[in-house]
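Here is a short report on one protein model. Please keep the sequence and the 3D view open while reading.

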Amino acid sequence: GDSWQAVNSGLPDTWYYNFDLVVDPHNSQVLYAAPYSHGVFKSINGGDTWSPINTGLTTSYVFNLAIDPNDNQVLYAGTGDGLFKSSNAGITWNYVPNGRTGNVLVIDPSNSQTLYVYGYGISKSVNSGTVWISINNGLTDKSIRAFALAPGSTQILYAGTYGSGVFKSTNGGYSWSAVNIGLTDMRVISLAVDPSNSQVVYAGTYGGGIFKSIDGGNYWSTVNTGLSGLWVISLAIDPTNSQVVYAGTDGMGICKTVSGGL
């Protein structure tokens with residue numbers, strides 16, 4: 001069957017290779033996307049249609065998006081001009097001087113004061129970015145392209161690397177181990193953990209499609225119907241229905257499955 005279907009109405013041409021995606025944790029019909037060189041777009045109907053929301057952004061190059069899991073009005077956009085923040089669900093944006101231009105921001109759902117940035121290594125802050133510490137033991141020679149937190153735990157983290165597959169930490173990022181059995185494409189550029197089951201993890205790759213683990217990364221299998229051969233730049237899971245997964249790709253824009261990729 002056709003597990004993945006394109007949902008691109010209102011978005012720019014689908015070949016653009018940078019698609020970051022986030023789903024509103026309080027309203028799964030609301031999604032935000034950052035297609036390459038076109039700023040930020042928003043959907044209020046589960047991805048069926050999209051509209052631009054760029055007021056206040058000084059650049060159209062938005063590399064990543066993050067939504068505060070505890071306040072769905074608060075969004076962050078990592079751009080070529082630095083970090084921007086919206087306090088009104090993307091209606092307007094304001095510049096946030098944080099000294100980490102180009103890095104990718106992840107917010108801990110259990111505590112919005114705990115932030116992670118990755119790009120050139122991984123750094124962690126427990127005070128909203130005032131002080132940062134490096135958490136790279138076991139990752140110092142890896143090219144980190146993706147990062148994800150296990151829901152309900154501040155200790156279980158995943159990192160996707162270009163060429164070395166997936167790494168997992170069970171101690172808050174202070175040490176990491178490879179978890180790659182069954183992963184036939186080691187160029188992992190996106191990750192997502194099921195918000196209702198931390199054992200279910202998806203990994204998007206650079207040409208190998210999507211892999212899925214149902215045992216916390218111990219073993220991986222492909223879930224690629226309709227996506228084989230594409231770069232899967234971003235992944236997002238519906239927080240109210242974990243069978244609904246979105247993938248941002250280089251050749252088909254944003255795709256959606258309602259069957260967990262199967």
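How many bridges join strand β7 to strand β8? Five, and the two strands run antiparallel. The model is a predicted one.

## The β6-β9 sheet

Strand β7 covers residues 75-79, and strand β8 covers residues 82-86. Within this pair, Tyr76 stands opposite Lys85. Both strands belong to an open sheet of four, in the order β6-β7-β8-β9. Pairing in this sheet is antiparallel.

The edges are β6 (62-67) and β9 (94-96). Each has a single partner strand, so one side of each has no neighbour in the sheet. From one strand to the next, the twist averages 30°.

## Nonpolar cores

The largest nonpolar core has 15 residues. Tyr32, Val40, Leu57, Val62, Leu65 and Trp93 have the most contacts inside it. Three elements give two or more residues to this core: β3 (31-35), β6 and β7. The largest share, three residues, comes from β6.

Apart from this core lies another, of 14 residues. Among them are Leu227, Val232, Val245 and Ala247.

Trp93 deserves a look in the viewer. Leaving out residues up to four places away in sequence, Trp93 touches residues including Val40, Ile53, Leu57, Leu75 and Phe84. Tyr76 and Lys85 are also among the residues it touches; these two stand opposite each other in the β7-β8 pair.

## A buried strand: β15

Why is strand β15 (residues 157-161) largely enclosed by the rest of the structure? Five of its five residues are buried, so the rest of the structure largely encloses this strand. Both faces are covered. Leu157, Ala159 and Thr161 are buried on one side, and Tyr158 and Gly160 on the other. In a regular strand, side chains alternate between the two faces of the sheet.

β15 pairs with β14 (residues 144-149) through five bridges, running antiparallel. Five bridges also join β15 to β16 (residues 165-169), again antiparallel. Gly160 takes part in both pairings: its bridge partner is Ala146 in β14 and Val166 in β16. β15 and β16 form a hairpin with three residues between them. In that turn, Gly163 has a positive phi of about 110°.

## Where β1 meets β24

Strand β1 (residues 5-6) joins strand β24 (residues 254-257) through two bridges, and the two run antiparallel. Gln5 has Lys256 as its bridge partner.

β24 also pairs with β23 (residues 245-249), over four bridges in the antiparallel sense. Here Gly248 stands opposite Ile254. β23 and β24 form a hairpin with four residues between them. Gly253, in the turn, has a positive phi of about 65°.

Notes:
Residues numbered from 1 in each chain as written. Predicted model: local features only at pLDDT ≥ 70, side-chain atom pairs only at ≥ 80, totals over all residues. Heavy atoms only, no water. Pairing = 2+ DSSP bridges. Axes fitted to C-alpha atoms, helices over the stretch in contact; angles between N-to-C directions. Core = buried A, V, L, I, M, F, W, Y, C linked by side-chain atoms within 4.5 Å. Buried < 20%, exposed > 50% of the residue type's maximum accessible area, 1.4 Å probe, protein only. Contact = heavy atoms within 4.5 Å.
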